[in-house]
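I opened the notebook to record what I looked up in this structure. The entries follow in the order in which I went through them.

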Amino acid sequence: MPHLMNTYGRLPVAFTHGEGCRLFDEQGKSYLDGMSGVAVNTLGHNHPRLVAALSKQVGRLIHTSNLYRILEAEEASDRLASIAKMDEVFFCNSGCEANEAAIKLARLYGHQQGIDQPAIIVMEQAFHGRTLATLSATGNRKAQAGFEPLVSGFVRVPFDDLAAIEQVALHNPNVVAILFEPIQGEGGINVAHHDFMRSLRTLCDEKNWLLMVDEVQCGLGRTGAWFAHQHAGILPDVMTLAKGLGSGVPVGACLAAGRATGVFKPGNHGSTFGGNPLACIAALTTLQVIETDDLMTRATELGELIRDGLRHGLAGATGVIEVRGDGLMIGIELDRPCGDLVKRALAKGLLINVTVEKVVRLLPPLVMSDAEGAELVAALVPLILDFLKE
């Protein structure tokens, strides 16, 4: 047996290589990738421009240290700040590191406002990571169980519920920020209403709070815009990114704007590997391909095609609650636990996921073709219908 620590419930398959939206196992069997490594492989697998850029960078320089200037990080930060219309970028390795940075920034901001015990409003069903602070911010008791005592300083409210947040505002003078996902991924593909996001922006301005959006899963073109909050026409004070930013190379980022700018000073935060040359070339190339190949439009059009296909194919089926989502972030909620569908799909050569036990989650690469999207629907619909008939 391998000596890997037993932290994952792994499926019985090992992939040897990938091409576009397909992966191949040790026996050469092909699988259509409907998950892109949980929203990581933005450009699919073995994308020629990403491979060429990474190969060139590996031959030049992989890592130095943040003790020195990193030109690739400076270029990547300029590009990210430009498309996000934000001012500062901190690079790290993952989504939980990006959210840790956001939480620390909010606490430091609170102390600078004279608040000794700063608190952050977070949402039920949210997922912000598995480090101790981000796990404490996460709205999932199952994920938190056994790791108490959790980090204090979080006030939890129902998702998409402005009235609940306004009640907190009336009774908790220690609040300094709101942290939320515009679309909850792990929580079941729950989409925040645009009016809700705009109201949060207004409330934060009134209270001098930081509006912090977690775009780790929903950002980087996946919903048809660079970032999901842009659909509501708002600009956050803090935004976190990771997953799809490096299209498979670990890179995360915490961006700041407005009143959040300048909060961190040298020595307040850091990351050994964060923003090294290789990671930043991966980010820059991913951003370039999304833009030049118009993959945000692709995400919008293909997302509609897949959701329409699923709604048509599952219409009238007993047990289907809803097909929902935005762009290539798609959820199919059933009325019963359906984790077994993942193994059934795997046997049919299709990679899917089930979250919160009852929601089938699809996060295909942004480079998926219409034909591959139709193939995904044609494979998945009969699997769900047969499952519901049992």
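**Entry: cysteines.** I started with Cys-218 and looked up how much of it is accessible. The relative accessibility is 1%, under the 20% cut-off, so I put Cys-218 down as buried. The model is a predicted one, and I keep that in mind for each entry below.

I then searched the whole structure for disulfides and found zero. Cys-218 is in no disulfide; the nearest cysteine sulfur belongs to Cys-254 and is 15 Å away. A disulfide needs two cysteine sulfur atoms within 2.5 Å, so this pair does not qualify.

I checked Cys-96 as well. Its relative accessible area is 21%, so it goes down as partly exposed. Cys-96 is in no disulfide either. The nearest cysteine sulfur to Cys-96 is that of Cys-92, at 8.1 Å.

**Entry: two annotated positions.** I looked up the UniProt record, an unreviewed entry, which places a "binding site" feature at Arg-130 and Ser-271. Of these residues, Ser-271 is included in the lining of the second largest pocket.

Is Arg-130 buried or exposed? I noted a relative accessibility of 63%, so Arg-130 counts as exposed. Arg-130 sits in the loop that runs between β5 (119-123) and α5 (132-137). Leaving out residues up to four places away in sequence, I listed Cys-96, Leu-135 and Ala-143 as what Arg-130 touches. Cys-96 from the previous entry thus turns up again here.

Ser-271 is also in a loop, the one between β12 (252-256) and α9 (277-292). With a relative accessible area of 13%, Ser-271 is buried. Beyond four places in sequence, Ser-271 touches Asn-66, Phe-90, Phe-91, Cys-92, Asn-93 and Glu-97.

**Entry: further annotated positions.** For "binding site", the unreviewed UniProt entry also lists Phe-127, Asp-214, Glu-215, Val-216, Gln-217 and Thr-272. These residues spread over 146 residues of sequence, and in space they are up to 24.6 Å apart between C-alpha atoms. From this set, Val-216 and Gln-217 belong to the lining of the largest cavity.

I picked Asp-214 for a closer look. Asp-214 lies in strand β10, and at 3% relative accessibility I count it as buried. Setting aside residues up to four places away in sequence, Asp-214 touches Asn-99, Phe-127, His-128, Leu-179, Phe-180, Glu-181, Pro-182 and Thr-240. One of these contacts, Phe-127, is itself on the UniProt list.

**Entry: helix α8.** I compared the length of α8 with what its residue count predicts. Helix α8 covers residues 194-207, 14 residues in all, and should span 20 Å at 1.5 Å a residue. Its end C-alpha atoms are 20 Å apart, so the two values agree.

Which residues of α8 are buried? I found Phe-196, Met-197, Leu-200, Arg-201, Leu-203 and Cys-204. Looking down the axis of α8, I see these buried residues within an arc of 170 degrees, so they line one face of the helix. The face turned away from that buried side carries the exposed residues Asp-195 and Glu-206.

I also looked up what covers the buried residues of α8. The cover includes β5, α7 (162-171), β7 (175-180) and β10 (210-214). Strand β10 is the one that holds Asp-214. Just after α8 I noted Asn-208, which takes a positive phi of about 65 degrees.

**Entry: Leu-43.** Leu-43 is in the loop between α1 (36-39) and α2 (48-58). Its relative accessible area is 1%, so I entered Leu-43 as buried. Leu-43 and Met-368 are 325 residues apart in sequence, yet 8.8 Å apart in space from C-alpha to C-alpha. Not counting residues up to four places away, Leu-43 touches Leu-50, Ser-247, Thr-286, Val-289, Leu-295 and Val-367.

**Entry: Arg-361.** I ended with Arg-361, which lies in strand β17 (residues 359-362). Is this arginine buried or exposed? The relative accessible area of Arg-361 is 2%, so it is buried. Apart from neighbours within four places in sequence, Arg-361 has contacts that include Met-35, Val-38, Gly-185, Glu-186, Ile-189 and Ile-330. Gln-217 is among its contacts too, and Gln-217 is one of the residues lining the largest cavity.

Key
Residues numbered from 1 in each chain as written. Predicted model: local features only at pLDDT ≥ 70, side-chain atom pairs only at ≥ 80, totals over all residues. Heavy atoms only, no water. UniProt positions renumbered as here; feature names shortened; annotations may be inferred. 1 Å grid on protein atoms, 1.4 Å probe; cavity = no way out; pocket = protein on both sides within 12 Å on 5 of 7 lines; lining within 4 Å. Helix = DSSP H or I, 4+ residues; strand = E, 2+ residues; numbered from the N terminus. Buried < 20%, exposed > 50% of the residue type's maximum accessible area, 1.4 Å probe, protein only. Contact = heavy atoms within 4.5 Å. Expected span 1.5 Å × (residues − 1). Arc of directions from axis to C-beta.
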